[in-house]
Amino acid sequence: MKSSCIRYSLILLPLTLSALTLTVLFVRTRPLPYPTIPIDSSSHVQIGFIPDKLDKPVDDDSTKYLAYLPHSGFANQRTELVNAVTLAIHLNRTLLIPPLFLGHVEGWQGEGKLWDTLADLTDPVRRLECSASQDHADEICQRYDRFAMLRWSWACDLPLLTERLGVQYIERRDMSLTALQASLGIEEDDIYKITDFHPYAWDLRGANLPLSHNPRYLSHYSMDDLRVPHKVLHLYGVFGEGRVTTNADERDAIKEILVFRNTDVQKTALKYVDSLGGVDQYVSIHIRTGDGVFRRTLASRIPMAIERLHRIIGDQREPVTNDLQVDTNDRLQWCREHAYLGRKYSIIFVATDARNPRQDLAAVFNEFPCAVTLSDFSKSWLEQLKQASSVDEYKSIDRWLLTFVDAEIAQQARRYIPSPGSTFSGYIGAIHRQRQGFSYI
């Protein structure tokens, strides 16, 4: 497009909410830069600084791209990717997949701030400088230490998107607009950039479906509303389960592919599953405690968790004195040998982000003497996770993989109890249902 063309600025919908007017703008601006991440199936995440062939994708004038900005924890990033894959299918665009962030990840940011935040966090030059720096007081380098940046193809079998659904994709690393523009050899007018000013600015339905009336979202659109002629359609955020609605079977197929299946994590989790008696031989519960509302409401949620466990295992609530002063392996063996004493001695795996589970969740362990967490087992069982590293930062990422070991153990249980309000807990529930032959919800 010529620079003399009129810039697109479309006010979609003014909405009054709590005396505030929230305006969702579709803003036409510049493109987004991007070098890509090389494909490597090993657990050592080879994210090099030398561009590979994916930085110069095979292209012709008819190829169009779809991009978006990720944010928040793994479950939210996965939902964003599911929505983006769906859009790529129906808009017939090659999907530019951002990195997967683990650890302390930036949440949604208003006023368009997420553009600059992600560009800063993924700047390859600055990250390389920090990896070699001995200046531990450097604020930017400290920020990098709080998270790891990986490829989605390291965590999931992304080629299945192409094999099963026909989705073409390229993995990005540098999220700056400048890098994207240089990588694709395009001008700023070749990008249709949408900036949301509310986390639930809009939802969208397939071309043959009626518009949504979901009150969570401010505006409602059809797939045809996003059929723009530009080389790149760059969305701001696509977070929200149900934000993009097309075909339920199609969405299930996408979700089945986008399951965290790293080999090191699965092999590590298998040790715990075997110790717990094997697949479907125990009950699991996820109790999130780590931050925000989960920490503030923990005291009120613990009694509810105990009540739900009683209902699931079907015991008669006999008072039990937990006087088993033994290590985890002996505890589990004792529980298997004394199962005849009642269902209250059922083996329960507690997946949690609590720093001191037996202290923070004492009421649960006092009530159920056969309940265990990762911390009750030998630390040597986690050694294999140290082989997984984010090579672009030259540091181990095992501390961020414990969550996925927890999830894998929890989803192998006979019955699983989620932590209300946690999207990651919902993710565990989804893969648990899928493993047992049910559809994703």
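The questions and answers below go through how some labels are earned in this predicted model.

User: Why is the pair of Tyr200 and Phe239 called tilted?

Analyst: The ring centres of Tyr200 and Phe239 are 5.8 Å apart, which is within the 6.5 Å required for a pair. Their planes stand at 50°, and because stacked needs under 30 degrees and edge-to-face over 60, the pair counts as tilted. Tyr200 is in the loop between β9 and β10, whereas Phe239 is in the loop between β12 (232–234) and β13, 39 residues apart.

User: What makes the pair of Phe404 and Phe424 edge-to-face?

Analyst: For Phe404 and Phe424 the centres are 5.8 Å apart and the angle between the planes is 85°; edge-to-face is the name for planes over 60 degrees apart, so the label follows. Phe404 belongs to helix α15 and Phe424 to helix α16 (residues 423–435), with these positions 20 residues apart in the chain. Both rings also take part in a cluster linked by ring pairs, whose members include Trp152, Trp154 and Tyr427.

User: How do you know whether Phe404 and Phe424 are buried or exposed?

Analyst: The relative accessible area is 5% for Phe404 and 12% for Phe424; buried means under 20%, so Phe404 is buried and Phe424 is buried.

User: What makes Arg216 count as a charge over the ring of Tyr200?

Analyst: The charged end of Arg216 is 4.8 Å from the centre of the Tyr200 ring, and the distance part of the rule asks for within 6 Å. The rule also requires a position within 35 degrees of the ring normal, and Arg216 is indeed listed as sitting over that ring. Tyr200 itself is buried, because its relative accessibility is 18% and the limit is under 20%.

User: Why is Gln412 called buried, and which residues does Gln412 touch?

Analyst: Gln412, in the loop between α15 (398–411) and β19 (415–417), has a relative accessible area of 14%, and since buried means under 20%, Gln412 is buried. Leaving aside residues up to four places away in sequence, Gln412 touches Val273, Val279, Asp280, Tyr282 and Arg435.

User: What makes the link between the side chains of Gln412 and Glu408 a polar contact?

Analyst: The side chains of Gln412 and Glu408 are joined at 3.0 Å, and a polar contact needs N or O atoms within 3.5 Å, so the distance meets the cut-off.

User: How do you know that β10 and β13 pair?

Analyst: Strand β10 (residues 202–205) is joined to β13 by two bridges, and pairing asks for at least two, so these parallel strands qualify. Arg205 stands opposite Thr245 in β13.

Technical notes:
Residues numbered from 1 in each chain as written. Predicted model: local features only at pLDDT ≥ 70, side-chain atom pairs only at ≥ 80, totals over all residues. Heavy atoms only, no water. Helix = DSSP H or I, 4+ residues; strand = E, 2+ residues; numbered from the N terminus. Buried < 20%, exposed > 50% of the residue type's maximum accessible area, 1.4 Å probe, protein only. Polar contact = N/O pair within 3.5 Å; in protein donor to acceptor, adjacent residues only side chain to side chain. Contact = heavy atoms within 4.5 Å. Phe/Tyr/Trp six-rings, centres within 6.5 Å; stacked < 30°, edge-to-face > 60°.
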